[in-house]
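Hi,

Here is the structure I said I would pass on. Have a look at it first, and then read on for my notes.

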Amino acid sequence: MAEKIIYAMYDDDDVLKDGAKKLVAKGVKVSEVFSPFPIHGIDPIIGVQNTRLGIMAFLYAITGTMLATIAMRYFMISDWPMNIGGKPNNTYLDNILAFIPVTFEFTVLCAAHGMALTYFLRNKILPGLPASNPDPRTTDDRFVMEFRMSENSNFTEEELTSLIQTTGYVELDQKEVK
Amino acid sequence: MHKEAAIREPLILGHKTYADITADVCKPIEDKAPKMWYVLFSIALIIGLYGVGCIAYLIGTGIGVWGLNKTIGWAWDITNFVWWVGIGHAGTLISAVLLLFRQKWRMAINRSAEAMTIFAVFMAGIFPMIHMGRIWLAYWVVPLPNQFGSLWVNFNSPLLWDVFAISTYLSVSVVFWYIGLIPDFATLRDRVKRPIPKKMYSILSFGWSGRAKNWNRFEMVSLILAGLATPLVFSVHSIVSFDFATSVIPGWHTTIFPPYFVAGAVFSGFAMVQTLMLVMRKAMRLEAYIHTRHVEYMNIVIMVTGSIVGTAYITELFISWYSGVEYEAYAFINRFSGPYWWAYWSMMTCNVISPQLMWIRPLRRSLLFTFIISIVVNIGMWFERYVIIVSSIHRDYLPSSWSMHYPSHIDLGVYVGTIGLFFVFFLLFARFFPVLPIAELKTILKSSGESYKNAPDTHGHDGHADDNHNTNNH
């Protein structure tokens, strides 16, 4: 089924934000916003949920802590107990102070890389993938709102266009996609 | 909505628009490289290759070609290692710590400071590796199952902590840097016309499209990485200092080392940033983005950390007497009046006196003065490490094994070579990568740009609290 997409382009982030607010109040669904930098405060207006990457970072971090603890306990306590100057090494706890730095570093390592990888995958950005911004200027100084007709079935195309017209856009474009 | 106080100096000078920011940062990449770039690149490359040659000779012959000996087992190599790691502390500090403290001025310098960090840590990493002598066995520092019984690396040793600290720091810094670069590569991808650069930036930009959700994740990832990198920055140089502090060598065995090393690292790192930025802003015509105010902020950091370092020197000296330990006292008397007195007093002059001049406002706002001091500081910080390492061990408990360290030409060649290689990397970075964070700069244009800052507020107020955002767009 072919779908019609309307792109409204703005030359100012605040104009776009005010416009989005106005349109959303009238019941229009803004499907996507493309911008050259984060527009603060746009997410709640167009209904973008806050990311849960923070929770993932925490999970990766405790994974790192556990891995480091398990590995060091195996290396230093059970597999080959190292006797250094007769310091107690019967249990992991006896010697835990020496293990803190590596535990910390490994926790940070796992959290940072795990989160970065998740970030790439969730954003669908990986080396060589094609870009999907509707206009090359959206990485420079233009801001684009995308409206999908399927998500705005309450409006006809004309109604939607006339509503968008009140928001001070600089260019209006539309596209049919399969 | 945030609005900055009118008396606060703008961070972006002139009447810039979003498009101007893009154009200004992309221009040096899109234009042909100036002749000077080729000249500098060739010089750096020749010096770097000479260093590589020295390293090859060293590996082929053995570390006897260095000036160290049985008494002075650590000398130039570890001095250079600590020096480079110290320099490598500014980048992540600027991006991480200053991001957490919401210092917007970091955006003028964070990208190139991070690049500098990564290259400096590369250079640092060379030294412990070649110091091993048999570099092909360097993987022995990694806990791998092996044929020697089940012998593991020693997790009680600060030297092993260092392996983990430096490698974590390097890889996390690269990730932090690259995540910030992706949207800017996308800007370049959408701008450049020639097919090969377009293809390259297209691959480098990972297909970034700048959707609202992408930016939402971007900000969260930056914030969390900053939160992770901040303690990391402090841990790395603390652990480097443990290499010394946990030993029982008079002059090394000191609890003051971790904070003192961290302050020293930030001190030298910022000095290196100053050296590079002052040249770069001029050569790449970025004076509107990196101006006197930024230089002044950095000089204040240099002044504060320099004072911490100076206090640490004097504390060490005092405690060596106050502790009543004669070996400790001798180590310090020998430092300032022994055969290495010149290194000690160079260190004191460069690191204790010169940053104090920054209390004078016209001096810390003078670009020429800053440039000179930034080089003086890095010379001083090199001497600091040399003093700590060589002067503490050259006279050990047995006078019969007292010795002196004279650097060989290979010592010199490897050191100078790493400086050459560092500049090779940095010049390539400045040529092909956006040296300012384009996307991030645009977020502060309306709050800290000169033309917007003092204009009357034309937009309505919006009530959205931006809780986890470090910047704002009004």
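Below is what I found, going chain by chain and then on to the place where the chains meet.

One thing to keep in mind throughout: this is a predicted model.

Let's start with chain A. Chain A has five helices and four strands, and going along the sequence they come in the order β-α-β-α-α-α-β-α-β. The domain assignment splits chain A into domain 1 (3–49 + 131–177) and domain 2 (53–123). Note that domain 1 is written as two stretches of sequence, 3–49 and 131–177. How far apart are the centres of domain 1 and domain 2 of chain A? Over C-alpha atoms, the centres are separated by 46 Å.

The overall dimensions of chain A are worth a look too. The C-alpha trace of chain A spans about 85 × 30 × 30 Å along its principal axes. Its radius of gyration is 26 Å, while a compact globule of 178 residues would have one near 16 Å. As for burial, 39% of the 178 residues of chain A count as buried. Among contacts in chain A with a separation of 6 or more, 75% are between residues 24 or more positions apart.

Now the strands of chain A. Strand 1 (residues 3–10) runs antiparallel to strand 3 (residues 143–148), and six bridges join them. One of the residues to click on is Ile6(A), whose bridge partner in strand 3 is Phe147(A). Strand 2 of chain A also runs antiparallel to strand 3, this time with three bridges. There, Glu32(A) has Glu146(A) as its bridge partner in strand 3.

On to chain B, where the make-up is 17 helices and zero strands. The radius of gyration of chain B is 24 Å, close to the 23 Å that the globule rule gives for 474 residues, so chain B is as compact as a globular protein of that length. Its C-alpha atoms fill a box of roughly 80 × 50 × 45 Å along the principal axes. Buried residues make up 51% of chain B, and residues 24 or more positions apart account for 83% of its contacts with a separation of 6 or more.

Then there is the contact between the two chains. How many residues does each chain give to the contact? Chain A gives 62 residues and chain B gives 61. On the side of chain A, the elements that give two or more residues are helix 1 (13–25), strand 2 (32–34), helix 2 (42–46), helix 3 (53–79) and helix 4 (96–123). Helix 4 of chain A supplies the largest share of that side, 18 residues. By type, the side of chain A that touches chain B divides into 39 nonpolar, 13 polar and ten charged residues.

A good residue to zoom in on here is Ala116(A), which sits in helix 4 of chain A. Is Ala116(A) buried or exposed? Ala116(A) has 23 C-beta neighbours inside 10 Å, and 20 or more are enough, so Ala116(A) counts as buried. Leaving out residues up to four places away in sequence, Ala116(A) touches Val175(B) and Ile179(B). Ala116(A) and Val48(A) are 68 residues apart in sequence and 21 Å apart in space, C-alpha to C-alpha.

The largest nonpolar core has 186 residues, and those touching the most other members are Ala112(A), Met115(A), Met116(B), Val172(B) and Val273(B). Helix 6 (residues 158–191) of chain B provides the largest share of this core, 18 residues. The core also draws at least three residues from each of domain 1 and domain 2 of chain A. Val273(B) touches Ala90(B), Ile109(B), Ala113(B), Met116(B) and Met298(B), not counting residues up to four places away in sequence.

Finally, two backbone oddities. Most residues other than glycine have a negative phi. Lys124(A), however, has a positive phi of about 55 degrees. Lys124(A) lies in the loop between helix 4 and strand 3 of chain A, and with 14 C-beta neighbours inside 10 Å it counts as partly exposed. Arg102(B) likewise has a positive phi of about 55 degrees. Arg102(B) is in the loop between helix 4 (90–100) and helix 5 (110–131) of chain B, and it is exposed, with 12 other C-beta atoms within 10 Å.

Cheers

Key:
Residues are numbered from 1 along each chain as its sequence is written. Chains are lettered from A and ligands numbered from 1 in the order in which they are written. This is a predicted model: local features need pLDDT of at least 70, side-chain atom pairs count only at pLDDT 80 or more; totals for chains, interfaces and linings use all residues. The radius of gyration is taken over C-alpha atoms; the globule rule is 2.2 Å times the number of residues to the power 0.38. Two residues are in contact if their C-beta atoms, placed from the backbone, lie within 7 Å. A nonpolar core is a set of buried Ala, Val, Leu, Ile, Met, Phe, Trp, Tyr and Cys residues joined through C-beta atoms within 7 Å. Domain bounds come from an automatic or database domain assignment. Ala, Val, Leu, Ile, Met, Phe, Trp, Tyr, Cys and Pro count as nonpolar, Asp, Glu, Lys and Arg as charged, and the others, Gly among them, as polar. Two strands pair if DSSP finds at least two bridges between them.
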